[in-house]
Amino acid sequence: MTKSTRIFMSVIYWAFVVYLFVPLVLMVVMGFKDSAFIGFPIQSWTLDWYKGVFQDTEVINVFIYSMTIAITSTLLSLVIGTWVASFLGPYKFPGKVIIFAITCLPAVIPGIISAISLRIYARFLDIEPGMLAIILGHTVHNVPFVALVVMARLATLPKSHIEAARDLGADSLIAFFRVTLPYLRPALIGAGIFCMLLSFDDFVRAFFLGSYQPTLPVLIFAKLRSGMSPEINAISTVVLVMTAILGIWAERSMRRMNKGA
Amino acid sequence: MAHTQSSTLEESRERSPTGRRSFWGALAQNGTYNAATGVLFKTQRRQFLLLASFPLIWVFVAHLGPIIQMFWISFLDSYPPRVGYEPQFTLDNWATFFGQSIFVTPFIRTLVYAFTFTFATLLITYPVAYFLAKHVKRQNQLIFLLLLLIPFWVGEIVRTYAIMILLGNTGALNRLLMMLGMIERPIPFMYTSFSLGVGIVYLTSLYMLLPLYSALEKIPRSYLEAGADLGAGAWTRFRRITLPLSKEGIASGCTLVFLISTGYYATPVLLGGPSTTVFAETIAGFFHVAGDQWPTGAAFSSIMLIAALSITGIFLKLMGRSGKGLMK
Amino acid sequence: MDQQGRKAIVHIENVSKSFGQTKAIDNLDMKIMAGEFVTFLGPSGCGKSTTLRILGGFESPDQGRVILDGVDVTKQPPNKRDVNMVFQDYALFPHMTVGENIAFGLELKGQQRGEIDRRVASLLDFLQLSGFRDRTPDQLSGGQRQRVALARALAPDPKLLLLDEPLGALDAKLRGQVQVELKDIQRRTGKTFFFVTHDQEEALTMSDRIVVMNAGRVEQDGTPEDLYYRPASRFVAEFIGETNLLEGTVRGSDQGAVIIDWKGHSVYGSANGGQPQTGSSVAASIRPENVICLPQRPANDRALKGRIVNRVFKGSKTTVDVQVDERDPLIIKAHVDPAVAHQFADDTVWVTWDTNRLAVLAG
């Protein structure tokens, strides 16, 4: 590799970093603009938009609503995903490939179709649009991710660990709780945070499965449709900071797990 | 000496007990629990069935159920069910699509967009992934990668909004170009296929980057050195060694980005205009604007699902692998 | 009860087990005495590990029964059996400390906390692990891990301790030391050890009794000395130690010794199971260290003349290859004291042996 291509490559990398960050930085900066008009130049600065967000009970309620959905659907996804993985991972049986494909299905279906099909299904099951429908929708969407991460972790658990637990007096259930589950911990933390983010950030499912009470992305969308305003920037920035922190945490615990912690 | 040791062992076992049993100890010794598990876990087969029952029910009911139900109502003349009306079987919903260009055009447009954006994402992220995997020192790779992942965690809506700020008439890009004196008046980037493309690439690039990176990272440096040793130039090395060995990553990256980009709804609504209406917007229309057009919406969704999955299926076949390892 | 008055703690009763087409165990019937150190020895796939897993409850036999201390445990799952195991990779739980690992089995037996603490402390003391109670397995050396695994398996006071090649993960130097320790621990606890290995040296060092298995069947069952000096089959002779295998036909007998025609040379040996039929083809085994090399023809006529074609100095001994026949090269390996190896300077030697040391094997 010549020096010039090396430099060329690093320029592309940094240009890409700029491409990823500049829009977000602009969005954050615009939240401090002392004018209701979104655009450059910025003449004077203010913290009012942020103050407004933290005082706006509607925004806070929506935030709590979104969080409740994210946490509940994450917990459900973790339990179900782990159960699916414990069954799909270690065992061989006819038709396993098909079951595996169905398990992955919700993760590969384009968002709009997933949302529409869940909307129809909720109606079919007589689940009113609203919190429960969104929670279940997010759970369906998240289970494949949990199952895949847990399966990958399970594959590295030596069979002898379970056998040792059985040998020392644990039945299958106790062996699972005392040996398998602690071993899965880093995977579950990583997958859990990932699910929280997917749920908290999700727009299309929440939009079609929700009632009049919006989730945070739906609220931002609704506000955007009636015009851009620095208030939206302030809300978005709060969301951005939170998700970035959660994301880094998730990534760290996943990487550490892959290094064999 | 040997004797003393073993006798201390004996003593400690027989000393009178103090303290409490642990939860698991109590459970393992609990008569009712053992009677229950004795029946439930009696044979390996029974244990397996017990373990398998819930996941099987879940994936069929929750993963497959919605899709099947969507197909089902796409053949009904009325849904949601109304009191006193028995829905009839019909093919009209499917026929509607093929009859009218206002439906076919967004459909074709969606596919063309998805192809274009996927290819653009591949072109943009390949050098980035290559740089990360082959030029950054191993101990720094995580930090460089993490830097790219941070924006990735921010949701679709927030990032779409960020692109709106960038590309607006008074946005940063126009402002910059005007300051540089390259343009006189703002270029209307927004509400075009350009703004939509920038947005979609922005949203999906990491789904391409990660599979590419993990494929490229696996290629041993010695292969390239061997290639150079045998007289291959930089371009030949790339074409004959790197590219074929990163095929796996290209296949999964393109599949993911293609599927994801066909599924966006909010982004085309916010970044696009009347000339860029995509099929997701068409489908959504049947569920929001018009009341009782769910069966048509379901038929359209089915058409799009079939199209998206067949295209990726054919693509993966052409790339010479099955879809099994898709998510890895 | 056996001759020493010990009772059988385990009875493996006509057990057979197949995996698909392969017969892993073919009608194994065997008793293990209380307090015995039994080693199952054999190449991989011989059925030794399957036997161990059947005893542990991890496999169930296709046929036959397993009787543990008078009770039929064939259908009992591992958690209900008074049998514990030291795993090949030790299988220490990585998220638990040494103390918690050892306490695991006691806890699930429903023992009280104070009682568990005392038992763990005394086991740690017994296995010289006292300072390691609060460490996690990844902070231990290979030898320490092995001792923790042993402590964990001993803790619930099992009737039978299974050891699945527990020394395989240790380096060669440590292995020798641990062999001695393990034998010592077995003696001091008086536990019945069921040890599985493919390493014949390990088996010879530690066992009271060795069962050599091959292709699902027992080749020989005896003391280490029996196996070494009186192998019952060609397989055992070749598997255990280094040996010279002489193939020939029985010519007759002379004062209790069997005379074998070894490609035209008469060699003298002894048969374990009585005089074999004259004219039948047999194999005979003689250990290199039992071959005596002499610079001159000895007084008796049971020596073979040969020429040293290869010699390798190995420190405590020199190994030599003696070619007995010029036309049809027949080689006998022998060990020679390096101090006297120079006596064979002109390379002509006479090889002979104590007739009892050449074991005539059936088939």
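Residues 298-318 of chain B are 100% helix and 0% strand, and their end C-alpha atoms lie 30 Å apart. Helices here are DSSP runs of H or I of at least four residues, strands are E runs of at least two, and both are numbered from the N terminus. This is a predicted model, in which local features need pLDDT of at least 70, side-chain atom pairs count only at pLDDT 80 or more, and totals for chains, interfaces and linings use all residues. Residues are numbered from 1 along each chain as its sequence is written, chains are lettered from A and ligands numbered from 1 in the order in which they are written, and side-chain values use heavy atoms, with hydrogens and water left out.

**Annotated segments of chains B and A**

In UniProt, an unreviewed entry gives chain B the feature "transmembrane region" at residues 48-72, 111-132, 144-167, 187-210, 249-267 and 298-318. For chain A, an unreviewed entry places that feature at residues 12-32, 62-85, 97-118, 130-152, 187-212 and 232-250. UniProt positions are given in the numbering used here, feature names are shortened, and annotations may be inferred rather than shown by experiment. The table lists some of these segments.

| Segment | Helix | Strand | End C-alpha atoms apart |
|---|---|---|---|
| Chain A, residues 62-85 | 100% | 0% | 33 Å |
| Chain A, residues 232-250 | 100% | 0% | 26 Å |
| Chain B, residues 187-210 | 75% | 0% | 34 Å |
| Chain B, residues 298-318 | 100% | 0% | 30 Å |

**Chain B against chain A**

Here 92 residues of chain B contact 91 residues of chain A; contact means heavy atoms within 4.5 Å. The size of an interface is often given as the accessible area lost when the parts come together. Chain B and chain A bury about 8600 Å² between them, with 81% from carbon and sulfur atoms. Buried area is the accessible area (1.4 Å probe) that two parts lose on being put together, summed over both. On the chain B side, B:Trp24, B:Trp153 and B:Tyr161 lose the most area to chain A, together 10% of what that side buries.

There are zero salt bridges between chain B and chain A. A salt bridge needs a side-chain nitrogen of Lys or Arg within 4 Å of a carboxyl oxygen of Asp or Glu. Polar contacts join 14 residue pairs across this interface, both residues at pLDDT 80 or more. A polar contact is a pair of N or O atoms within 3.5 Å; within protein, one must be able to donate a hydrogen and the other to accept it, and residues adjacent in sequence count only if both atoms are side-chain atoms.

Helix H4 (residues 44-73) of chain B gives the most to the side touching chain A, with 21 residues. That side of chain B holds 71 nonpolar, 15 polar and six charged residues. Ala, Val, Leu, Ile, Met, Phe, Trp, Tyr, Cys and Pro count as nonpolar, Asp, Glu, Lys and Arg as charged, and the others, Gly among them, as polar.

**Two domains in chain C**

Chain C is assigned domain 1 (8-237) and domain 2 (242-290 + 302-361). The bounds come from an automatic or database domain assignment. The domain centres, taken over C-alpha atoms, are 38 Å apart. Nine residues of domain 1 meet twelve of domain 2. These domains of chain C bury about 920 Å² between them, 47% of it on carbon and sulfur atoms. C:Tyr228, C:Tyr229 and C:Arg234 supply 60% of the area that domain 1 buries against domain 2.

One salt bridge crosses the domain interface. C:Arg234 forms a salt bridge with C:Glu247, their closest N and O atoms being 2.5 Å apart.
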